[in-house]
Amino acid sequence: MTDPARERLTVFDAGGAPTGVAERGEVYARSLWHATTAVLLRSADGTRVYVHRRTDTKLVMAGMWDCLAGGVLDEGETPDACAARELREELGVTGVPLEKLAVVAFDAAALGVDTGPGTGPDGLRAHVHVYRAFSDGPVTHQPSEVAEGGWWTLDELAARIGAPDRAWVPDGLYVTRLLLADLVR
């Protein structure tokens, strides 16, 4: 298995233009801008969202909760390809259409957000390519990525996201709150 810290990622400027390549460990440690994907998996009828907890062995934000399957774009990878790959790798969901909703700039330092151990002095900085997909599964966790998960209604998600009894992935929390503004009506 490849060391995740050694994976090569495309690095971007704050405006989203590619500027070079660096290893993931360096990207995190130096708070370099990079690109990620985030896929909101909703049930086929749109009433539920799949929520999961990251494994305790993740390089950053270990053991935290999220409702977005996603990850960093590898060197030369497109956002569409990364979104499909991450949905397949993390939740085992394949063959479903992905709808791109937005690209959200997440700058932890500018937002006053602590992204925790393993991240640099200015936290994570990412251009998050946000997608959604509709499927009832089956959902199959990749053991190295997801520790547990399940379906929540939109109301449950709105009530429980960011609650003190569950540590949430900071960029996922930020993006999900933006999405809930449009989802819960």
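I take helices and strands as DSSP runs, a helix needing at least four residues and a strand at least two. With that settled, I note that what I have open is a predicted model, and I keep this in mind for every entry below.

**Entry 1, the fold in outline.** I looked up the secondary structure first and found five helices and nine strands in the chain. Reading from the N terminus, I wrote the order down as β-β-α-β-β-β-β-α-β-α-β-β-α-α. The radius of gyration is 15 Å, close to the 16 Å that the globule rule gives for 185 residues, so I record the chain as being as compact as a globular protein of that length. Along the principal axes, the C-alpha trace spans about 40 × 35 × 30 Å.

**Entry 2, burial, contacts and surface.** I then asked how much of the chain is covered, and 49% of its 185 residues count as buried. Looking at contacts between residues at least 6 apart in sequence, I found that 65% of them join residues at least 24 apart. The exposed surface comes to about 8,600 Å², of which carbon and sulfur atoms supply 51%. For charge, I noted 18 positive and 27 negative side chains, with the centres of the two sets lying 1 Å apart.

**Entry 3, His129.** I located His129 in strand β8, which covers residues 125-134. Its relative accessibility is 12%, and because the cut-off for buried is under 20%, I enter His129 as buried. What does the side chain of His129 make a polar contact with? The partner is the side chain of Lys100, at 2.8 Å. Leaving out residues up to four places away in sequence, I listed the residues that His129 touches, among them Ala35, Thr36, Thr37 and Ala38, and also Pro79, Lys100, Ala102 and Val103.

**Entry 4, backbone details in the loops.** I checked the peptide bonds and marked the one from Gly137 to Pro138 as cis, with omega near 10°; Pro138 itself sits in the loop between β8 and β9, the latter being residues 146-153.

I also marked Ser31, a residue other than glycine, for its positive phi, near 55°. Ser31 belongs to the loop between α1 (24-29) and β3 (33-42), and with a relative accessibility of 3% it counts as buried.

Met61 likewise went on my list, since it has a positive phi of about 55° although it is not a glycine. I placed Met61 in the loop between β4 (48-54) and β5 (65-66), and at 7% relative accessibility Met61 counts as buried.

Key:
Residues numbered from 1 in each chain as written. Predicted model: local features only at pLDDT ≥ 70, side-chain atom pairs only at ≥ 80, totals over all residues. Heavy atoms only, no water. Rg over C-alpha atoms; globule rule 2.2 N^0.38 Å. Buried < 20%, exposed > 50% of the residue type's maximum accessible area, 1.4 Å probe, protein only. Contact = heavy atoms within 4.5 Å. Areas by Shrake-Rupley, 256 points an atom, 1.4 Å probe, with all protein chains shown as cover. Lys, Arg positive; Asp, Glu negative; His and termini not counted. Charge placed at Lys NZ, Arg CZ, Asp CG, Glu CD. Polar contact = N/O pair within 3.5 Å; in protein donor to acceptor, adjacent residues only side chain to side chain.
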